[in-house]
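This report describes the fold of one protein chain, its domains, its ligand shell and a few local backbone features.

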Amino acid sequence: MNPITAPAPTPAAAPSRVHPPAPAHPTGLTLEENTLALLDRAAAQVADGQAVAAFRLLTPPLSALWSEARATGQAEAMRQWCQAHPLHGLLMQDPFTHRAVTKPRGYAGDAVMMDFIYDGAPPSGTTEIGAGVFAATTRAGMGLSVRYRRQLLQSLIDDTVVRHEQARVLSVAAGHCRELQGSLVESAGFGGEFVALDQDPLSCQEIARAHAGHAVRVVNQGVRELAGSAQGSVLADALGSFDLIYSAGLYDYLPDALAKRLTRRLLAMLRPGGRVLIANFVPGGSGRGYMELFMDWTLVLRTEAQMRELADAAGAAHVSTFADPQRNVVYAELWREVPEPI
Ligand SMILES: C[S@@+](CC[C@H](N)C(=O)[O-])C[C@H]1O[C@@H](n2cnc3c(N)ncnc32)[C@H](O)[C@@H]1O
């Protein structure tokens, strides 16, 4: 169903009659015409300084139109309509969108982009229009989900620290590891070790700078090295075992085979009673159209059922899944053995 052309309900001629479903394009508008009409309205609002309202209008129908384009072989055409539209130039003034498109570290969604979401402040030099769009993109549903994710991770870290005298926690693809700020790992009584692993040397430097003086070890390595092979993983052996291992913002980039291999390795790295937590964006999020069409940011999306399949295939004895309040991210908690009741 095309949301722009959805008709107002027609009053029934006779109350007892059942009407057939409305055709997909009752006004006769094409997908291109619908898309351009939507982009025109959004561009007018953004140019008028109403970016937040524009995004409320734009994102859900854009995602629906994008689904329709992909289902009807018009994906490439739709990309071109979006790139060529004046809205594109306005949106590129947003540092968040601009960084996703230009990919200074080789991929969209680097740790600097996560900081944009956490801090909510555009860099100096951002235009007025860019700042308006930034407020909309970093505070849209996806941004809220990333902020929630950080809170959830901090809570899990704290939970692990209070349960284990010498807790060991591993963050896989840690980015800047902002969830550590204010966590119990920073408290004077922390007697364990937090290990942050990331492939990006600049992100690793930032973690080391922000947590100098705390029991935080930074490991500048990739997850392929961590996953190793069927013969084992030298890196995993060197890192040891953990009470909590988590990964946020990584699996959304991993193909199934590597995701499964890595998950199997992470399970093998757990101490008795320990758990692995994996976050992944789901397919139905309303921001998907904007991300893929305007930010050139395509994720490997997984449903809750697919996360369970992944966990089972990796050999988890027990799996629990849940979604975030915005229903953008699914979390899978995995245990190597069935956990004792809390
Ligand atoms: C979206 S950020 C998430 C950062 C952090 N976990 C957070 O939630 O804010 C993704 C991070 O994954 C890291 N990453 C991507 N591919 C990786 C790989 N193959 N091995 C290790 N780290 C990787 C990137 O360097 C980046 O810091």
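The text below goes from the whole chain to its domains, and then to single elements and residues.

**Overall architecture**

The structure is a predicted model. Its chain holds 14 helices and 7 strands, and its C-alpha atoms fill a box of roughly 70 × 55 × 35 Å along the principal axes. The chain has 342 residues, of which 42% count as buried. Among contacts with a separation of 6 or more, 69% are between residues 24 or more positions apart.

**Domains and their contact**

The domain assignment divides the chain into domain 1 (31-141) and domain 2 (143-335). The C-alpha centres of domain 1 and domain 2 are 28 Å apart. To the contact, domain 1 gives 29 residues and domain 2 gives 26 residues. On the side of domain 1 that touches domain 2, at least two residues each come from α2 (51-71), α3 (75-84), α4 (86-91), α5, α6 and α7. Helix α2 gives the most to this side, with 7 residues. By class, this side of domain 1 consists of 16 nonpolar, 8 polar and 5 charged residues.

**Nonpolar cores**

Which residues have the most contacts inside the largest nonpolar core? They are V172, A196 and I245, and the core they belong to has 54 residues. Leaving out residues up to four places away in sequence, V172 touches L197, V223, L226, I245, S247, L250 and L266. I245 thus appears both among the residues with the most contacts inside the core and among those that V172 touches. There is also a second, separate core of 38 residues, and C82, A111, V133 and M291 are among its members.

**Helices α6 and α7**

Two of the residues named for the second core, A111 and V133, come up again here. A111 is one of the buried residues of helix α6 (residues 111-119), together with M113, M114, F116 and I117. The cover over the buried residues of α6 includes α5 (95-102), α7 (128-138), α8 (141-163) and α9 (201-210). Just after α6, the backbone at G120 has a positive phi of about 70°.

V133 is buried in α7, as are G130, G132, F134, A136, T137 and T138. The buried residues of α7 are covered by elements including α1 (31-47), α2, α4, α5, α6 and α8. The two helices therefore appear in each other's cover: α7 is listed for α6, and α6 is listed for α7.

**Ligand shell**

The ligand is surrounded by 18 residues, and the closest are A173, G175, Q199, D200 and G249. The shell is made up of 8 nonpolar, 6 polar and 4 charged residues. Both domain 1 (31-141) and domain 2 (143-335) contribute at least three residues to the shell.

**Residues with a positive phi**

Besides G120, three further residues with a positive phi are listed in the table.

| Residue | Phi | Citation |
|---|---|---|
| K103 | near 50° | |
| C177 | about 55° | |
| R327 | near 60° | |

K103 is not a glycine and is found in the loop between α5 and α6. K103 counts as partly exposed because 14 C-beta neighbours are inside 10 Å.

C177, also not a glycine, has its place in the loop between β1 (168-172) and β2 (193-198). Is C177 buried or exposed? C177 counts as buried, because 28 C-beta neighbours are inside 10 Å.

R327 belongs to the hairpin of β6 and β7, where 5 residues are between the strands. Strand β6 (residues 318-323) and strand β7 (residues 329-335) run antiparallel and are joined by 6 bridges. One of the pairings links S320 to its bridge partner E333 in β7.

**A buried arginine**

R261 is found in helix α12 (residues 256-268). Why does R261 count as buried? R261 counts as buried because 21 C-beta neighbours are inside 10 Å, and the cut-off is 20 or more. R261 and A230 are 31 residues apart along the chain, and their C-alpha atoms are separated by 8.8 Å.

Conventions:
Residues numbered from 1 in each chain as written. Predicted model: local features only at pLDDT ≥ 70, side-chain atom pairs only at ≥ 80, totals over all residues. Helix = DSSP H or I, 4+ residues; strand = E, 2+ residues; numbered from the N terminus. Buried ≥ 20, exposed ≤ 12 C-beta atoms within 10 Å, placed from the backbone. Contact = placed C-beta atoms within 7 Å. Core = buried A, V, L, I, M, F, W, Y, C linked by C-beta atoms within 7 Å. Near = placed C-beta within 6 Å. Nonpolar A, V, L, I, M, F, W, Y, C, P; charged D, E, K, R; others polar. Domains from an automatic or database assignment. Pairing = 2+ DSSP bridges.
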